[in-house]
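Some labels in a structure rest on a cut-off. Here are short questions about such labels, each with its reasoning.

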Amino acid sequence: MKFATFIRNTVLTFALIAGVSDACAQTGAFVPVRKSRPAPSPNTTIDATTNWTFRMKSESVVNSPIVRLGDVVVPLDPNIPGWPRMSRSAVGLVPVNGKAMRVDRQRLTEVILNAEATPKRLYWIGPDTTEVTYVVAAKPAPPSSSVAPSSLVAGSSIQHANYHGPADHGPARLNQQVAGHTAMKQTTDPIPQRANLDPQFAERLIQWITLAISRSDASLLERYDMQIDRHQPAMQQLELARGVQSAEFVNTVKPGPGLLRVVSNGLEGSIETELIVTLEKNPVAIVPIKSIRSGNRIGRADLTERPIPIDQWDESYCTDPIELVGMETRSNLRSHEPILRSQVGKPMLIRRGDLVEVRVVNGAISVTTNAKALGDGAESELVEIETLEPRKRLVARVVNSSVVEIVTRAPQAQ
């Protein structure tokens, strides 16, 4: 009896399932199906070593009032973790009256950090701000139209911005565009263009250029102080640079402004531009060829010249070898280190402990005695002495080697 009941319940259950499936098929209803979880991306780890670099677009045109992150920035690495989701993050609402909306890096940084796990550091290249303009989407053309399907606005909620920046062209096209744009600005706009690079990236570019110059002429940066204005328009062409191959002066190297031809490695190929560089000759200091110990005389053969950077210059450095020849070192001089005026002096004629002859001059009367020097002294310097008999300390002026002199006031007639 129990077995027959079990068989009957089982048959009813299968019949009920078959009826539901047929009903769903006839009505068009969806039957919930458990979907398999997609395989994880091979690069989804965000830890303390993660660094992201984004490029700001100079201007964007959107077809939706909602401005999203993917409309205004482009990641240098398109495979960064979570970028498809981050690109959908809303940045703001653009005015629908045609006025441009300005978005700065600070707002975009907050959007990125709120949309994804925080990386170790965010790097930015390109302009500091971007302008976003809203344009109403055109109606789709009929199938017979010659308009390409790619020009139609997609039905997705994410609209792709039209970016007309310098990074969308090759190096040759880039140079022509910048040159033409610069010429147009000079005739229509009295305010000169300024490169709007990230300050840290601009300093890195200048370091690459300096290193390239030192590879070709190591002494040039020792002889001259070089200044490169990072706001000059030609610097904008190096926005996508990732290293400098060479940097050579177009004309003869001399103080003042000059042209420097820079060839760099870019994200889209080689980039060549000419920068305006200002050179200022470094001051020259006198340095010893080899180390000289204290108490030695300096000869002309012991000295040479060395340019010193302006930011390291000290007004007490000796600049003329004539003022050093024949002098005696007061302290040890290191090889090729600038000589301070306080480190040299006249040769010592008397040393501490020497027995000296003391001349006491009083008008036409001169008395000679002996004494012991209590210090060192050069010519015309004052030194303390002590007479032998009787023992008395006096101050005398050094006249010659082992000779000092004391001048007293001559007696006056009454």
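Q: Why is His-336 called partly exposed?
A: In this predicted model, the relative accessible area of His-336 is 40%. Buried means under 20% and exposed means over 50%. The value for His-336 lies in between, so the residue is partly exposed.

Q: What is notable about the phi of His-336?
A: His-336 has a positive phi of about 60 degrees, yet it is not a glycine. Most residues other than glycine have a negative phi. His-336 sits in the loop between β15 (328-329) and β16 (344-345).

Q: What makes Ser-380 partly exposed?
A: Ser-380 has a relative accessible area of 42%. That is in between the limits of 20% and 50%, so the label is partly exposed. Phi of Ser-380 is positive too, near 75 degrees. This residue belongs to the loop between β20 (377-378) and β21.

Q: How do you know that the peptide bond from Glu-389 to Pro-390 is cis?
A: Its omega is near -5 degrees. Most peptide bonds are trans. Pro-390 is in the loop between β21 (382-387) and β22 (393-400).

Q: Why do β4 and β7 count as edges of their sheet?
A: The order of this open sheet is β4-β1-β7, with mixed pairing. β4 (73-75) and β7 (121-125) each have a single partner strand, so one side of each lacks a neighbour in the sheet.

Q: How do you know that β1 and β7 pair?
A: Pairing needs at least two bridges. Five bridges join β1 (residues 51-56) to β7, so they pair, and they run parallel. Within this pair, Trp-52 stands opposite Leu-122.

Note on methods. Residues numbered from 1 in each chain as written. Predicted model: local features only at pLDDT ≥ 70, side-chain atom pairs only at ≥ 80, totals over all residues. Heavy atoms only, no water. Helix = DSSP H or I, 4+ residues; strand = E, 2+ residues; numbered from the N terminus. Buried < 20%, exposed > 50% of the residue type's maximum accessible area, 1.4 Å probe, protein only.
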